[in-house]
Amino acid sequence: MRIKLGLTTQIIIGAVLGIILGAVLRSKIADIKIIGDIFLRLIQMAVIPLVFCTVIAAIGKLPIKQLGRLGMRIVLWFTITTVIAALVGLILGCLFHPGMGLHLTLNAPLTDDIVKNKVALTDMILGFFPTNIFEALTQGNTIQVIIFALLFGVVLSKANTSQQYDAILTGLQQLNQLLVSLIQAVLRLAPLGIGALMAAVTADNGLKVLIPLIKFLGIFGLGTLLFLMGLFTMIMLRAHMSLHAVLHGFANIILIAMTTTSSAASLPVEMHDAEKRLGVGKEISELVLPLGMALNSNGLAMYLALTCVTMTQFYGLSLSFLMMLEIVLLAIVACLGTVAVPGGGLVALTIIVPALGLPLESIALLAGIDWFAGIFRTTLNVVGDTTTAIMIAADEHELSQVSVSIEN
């Protein structure tokens, strides 16, 4: 009897085998990382044009009045979830004191690299706006592509009142369908690619890599679990879905997010499962999820708030109410436009840490576990985006009931 394994099961098997191989073979298998890197590049090569076409097409085909109403709801949901995530990180850091009792040595070379790549707040805001859209596309600058696509989509929506630009919309939608098909084909390699990534990380660091900062990661994991429980509860109440249906719908999304630590790599799976497994209307999915990838970072907001509290505890500093408020506000601002690929957390820290008056070299203290923190960050980011899509779809009566089956 032939057993057919779904993608979810294959990914789990690949990840577990990768960890085992990395732990046993160590340096002998370190070069296997190239397989995982190729897998990520194959996905990411189509993400920027996918976002570009999807956002323009999604906005361009909406009536201008509906666009304004949806836009306000999307921004409201993004803001609410991001603020709550930052507050959770702040509260957990103050309750459990992850920075107390840790005596770590700074990695000077790594600190130097981070300092050289420091991003000023004003430069970050200016960097939202492209001077050349083709340059933004070639550099993979997600936020600049989003800004251009938003503006172009609004202009297209306003100009297409008599359907004279339907040919452009049709072309964008057809190109979008081809890009999705391309990414779905690449995703068949997910078990191999993800297994290779897990093997390489384990080979480089060993199984005891989590020990020095296990408390920080444990608290971040607790915050992630609490936040996910809150999001799932909202979905069950607002969308009238059972817990089984919610967990089934999010299974692949969470697995891809955790194993790739990349919101960009998770986007195609998010869009597919939001529509097919969770019943979100195609128009809502194509509008909310690409925007969420660049503008809604629940996981990063929680991580930044928790990290800043931890850093103040490293140096024995007490937190005033005003400093707590500043941490939350800076965490929210720093989330905007942060690169939706692995490592974005370190870039965001170069914005928020100097603004709080903390030593910039403090960033190096957590750089060693950034990949593991990225598991929680990305999971919260993509689940938060998908939750927003479900809520908006429920408000717009664009949420269909999807039967839950064991098929993947």
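Trainee: Why is Lys33 called partly exposed?

Mentor: This is a predicted model. Lys33 has a relative accessible area of 35%. Buried means under 20%, and exposed means over 50%. The value 35% lies in between, so Lys33 is partly exposed.

Trainee: What makes Asp37 and Lys33 a salt bridge?

Mentor: Their side chains meet at 3.0 Å, N to O. The cut-off is within 4 Å, so the pair qualifies. Both residues lie in helix 2 (residues 33–60), four residues apart, about one turn of the helix.

Trainee: Why does Asp37 count as partly exposed?

Mentor: Asp37 has 27% relative accessibility. That is not under 20% and not over 50%, so Asp37 counts as partly exposed.

Trainee: How do you know that Arg73 forms a salt bridge with Glu396?

Mentor: The closest N and O atoms are 2.8 Å apart. That is within 4 Å, so the pair counts. Arg73 lies in helix 3 (residues 64–96), and Glu396 in the segment after helix 18 (370–395), so the pair ties together parts that are 323 residues apart in sequence.

Trainee: Which is Glu396, buried or exposed?

Mentor: Glu396 has a relative accessible area of 13%. Buried means under 20%, so Glu396 is buried. Its partner Arg73, at 29%, is partly exposed.

Trainee: What makes Asp395 and Arg238 a salt bridge?

Mentor: Their closest N and O atoms are 2.7 Å apart. The limit is 4 Å, so the pair qualifies. Asp395 is in helix 18 and Arg238 in helix 10 (residues 214–239), 157 residues apart.

Trainee: How many salt bridges does the structure hold?

Mentor: Four.

Terms used: Residues numbered from 1 in each chain as written. Predicted model: local features only at pLDDT ≥ 70, side-chain atom pairs only at ≥ 80, totals over all residues. Heavy atoms only, no water. Helix = DSSP H or I, 4+ residues; strand = E, 2+ residues; numbered from the N terminus. Buried < 20%, exposed > 50% of the residue type's maximum accessible area, 1.4 Å probe, protein only.
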